[in-house]
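Notebook open, coffee poured. I'm going through one model today and jotting down what I look up as I go.

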Amino acid sequence: MLIKGGIVVDAAGERQGDVRVGPDGRVVEVGEDLQPAAARTEAVHDATGKLVIPGGVDPHTHMNLPIGAVRVSDDFASGSRAAAIGGTTSFIDYVTVARGEDPMGTVEKWREWAEPSAVDWGLHLTFTEVVPDSVVAAGVAAGITSFKLYLAYPDRLEVDDGTALRLMQTARREGALVTLHCENGLAIEELRRQAVEAGRLAVAEHATTRPPVLEAEAVQRAGALAEVAGTAIYVVHVSSADALEAVLSARGRGVDITAETCPQYLYLDVSMLSGPDGADFCCTPPLREPHHAVRLWEGLASGEIQTVATDHCPFWRADRRAGVAGRAGGFADFTEVPGGLPGIETRLALLYEGVTSGRITRSDWVRLSCEGPAKAFGLWPEKGWLGVGADADVVVWDPGRQQRLDADALDMATDHSPYAGRVVTGWPELVLSRGRVVARDGRFVGEPGWGRYLARRPLARMP
Ligand code: MN
């Protein structure tokens, strides 16, 4: 296929350019005024007036994840389909290994779940206790070159500081990147207990019991541990100005620290938890006061934040209402509301609104949603780049196409949308995954199982 007449945008800039996709599913030529090959039949897509960008890379999703009595509503088939429609052609899902579980056995379960994916997918491993170096080495050998630690959720997921330090040292030796959920779990647990004891049960208490300062404290602590261990770290879903300042402080001390944020922290705010549908806006960290988003946008434009992911984690409304305790009468209090929002389909379009409103440039948009995640997680330059030899994951972006973000206008497996009522301008008209058209004019035309497992490159191993 030859994509002609568009404006090719990448992190370095933009230029008029045609993109030729080879039969092997790679980019074979990028240049001005390429002519259709006479000798063979070549489809030509007229991209005049459109932007041509590398496929989106979403480095933070939770497909199919069981949480207490409920389960994330998108599986790999439905979630990847929605991803394709929205212009995301690679995603990396978190394998959550419960305490006592065999990590590589859990990876096998995830790989089976992921088989029907319509676009390429990779995996991170989440460790919830000390594991031997050999387990991390096995993960890295299998292309899982990043693992996650939670500093929150002491009942199921949190690791203490000693365990975090030890696993960071292992990561350094094995060439893995450590991603961290940064909130002070034990302090938050106490605030939650106090709220329930005092009869403060409403959904809004989800935010009052998880203040920004406890996010910033955990980022600061993670940075200190990484400094001691000499390990590269990546902070997932930075939600507050406080946490961003802690990232910059660690970076200033020489820590190799990458920051991610998500559209929900750019567009939604804490007031939404107080409405009648407050439970539909529960995510962790919680939505914040609006001034935090202003600071996060500055961080996106300045390069202080390197990636925008989704933390895609949708639920059916009935499951939200039932809660993780699965009560027939509905959740008893805010501590039982499953946390997580849909997002994999709308990430590129929501971030593009930042281009339209002048907060970031088109190059920033591609850097944050394609190149940055690919570079951070060992997928570049096959992914996140539109040069010769890269995978032909290509999005032809129509900057004038309008799209409603109500649940009925989207493809994610959920019946409510945090962006209901919003209309964005800018949406893919054509999406290619390794040269194959997977979405056209907002409709999925790919096939389940087309997606391949992405074995990712490790970092340099350090003694
Ligand atoms: Mn997450």
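**Ground rules.** For elements I take DSSP runs numbered from the N terminus: helices are H or I with at least four residues, strands are E with at least two. The model is predicted, so I ask for pLDDT of at least 70 for local features and 80 or more for side-chain atom pairs, while totals for chains, interfaces and linings use all residues. Residues are numbered from 1 along each chain as its sequence is written, and side-chain values use heavy atoms, with hydrogens and water left out.

**Cis prolines.** I looked up the peptide bond from Thr284 to Pro285 and found it cis, with omega near -5 degrees. Pro285 sits in the loop between helix 9 (263-267) and helix 10 (290-302). I noted another cis bond joining Trp380 and Pro381, omega about 5 degrees. Pro381 belongs to the loop between helix 13 (362-376) and strand 16 (394-404).

Gly389 is also in that loop between helix 13 and strand 16. For exposure I use relative accessible area with a 1.4 Å probe and protein chains only: buried is under 20%, exposed is over 50%, partly exposed is in between. Gly389 comes out partly exposed, because its relative accessible area is 39%. I also checked its C-alpha against that of Ala142: they are 23 Å apart in space and 247 residues apart along the chain.

**Positive phi.** Asp33 is not a glycine, yet its phi is positive, about 55 degrees. It lies in the loop between strand 3 (27-31) and strand 4 (44-46). Is Asp33 buried or exposed? Exposed, with a relative accessible area of 59%.

Asn64 is another non-glycine with a positive phi, near 70 degrees. Its loop runs between strand 6 (56-61) and strand 7 (66-67). Asn64 is buried, at 13% relative accessible area.

**Metal site.** Which residues coordinate the manganese ion? I get His60 (NE2), His62 (NE2) and Asp311 (OD), at 2.1 to 2.2 Å. My donor rule takes N, O and S atoms within 2.8 Å of the metal (3.2 Å for Na, K and Ca), and as water is not among the atoms, sites may look incomplete. Along the chain the donors follow the spacing H-x1-H-x248-D. Both histidines, His60 and His62, are buried.

**Pockets.** Rolling a probe the size of a water molecule over the atoms shows where empty space is left. My version uses a 1 Å grid over the protein atoms alone; a pocket is an open set of points with protein on both sides within 12 Å along at least five of seven lines, and lining residues have an atom within 4 Å of a point. Volume is the space filled by probe spheres set on the points, which are joined across faces, edges and corners.

The largest pocket has about 580 Å³. It has 30 lining residues, with Ile67, Tyr153, Arg156, Thr284 and Gly339 nearest its centre. Thr284 is also the residue before the cis Pro285. Strand 11 (146-150) and helix 5 (185-197) each put at least two residues into this lining. I class Ala, Val, Leu, Ile, Met, Phe, Trp, Tyr, Cys and Pro as nonpolar, Asp, Glu, Lys and Arg as charged, and the others, Gly among them, as polar. On that basis the lining splits into 12 nonpolar, 11 polar and 7 charged.

The second largest pocket holds about 220 Å³. Its lining includes Leu65, Pro66, Lys109, Trp110 and Arg156. The split there is 6 nonpolar, 2 polar and 3 charged.

**Cysteines.** How many disulfides are in the whole structure? A search finds 0, with a disulfide taken as a pair of cysteine sulfur atoms within 2.5 Å. The sulfur of Cys182 has its closest cysteine sulfur in Cys262, 13 Å off, so that is too far for a bond. For Cys262 the closest is in Cys283, at 8.2 Å, also too far. Cys182 is buried at 2% relative accessible area, and Cys262 is buried at 0%.

**Strand 14.** Strand 14 (residues 257-261) has 5 of its 5 residues buried, so it is largely enclosed by the rest of the structure. Both faces are covered: Ile257, Ala259 and Thr261 on one side, Thr258 and Glu260 on the other. I count strands as paired if DSSP finds at least two bridges between them. Strand 13 (residues 233-235) runs parallel to strand 14, joined by 3 bridges, and Ile233 has Ile257 as its bridge partner.

Methods:
On a 1 Å grid over the protein atoms alone, a cavity is a set of points where a 1.4 Å probe fits but cannot get out, and a pocket is an open set with protein on both sides within 12 Å along at least five of seven lines; lining residues have an atom within 4 Å of a point.
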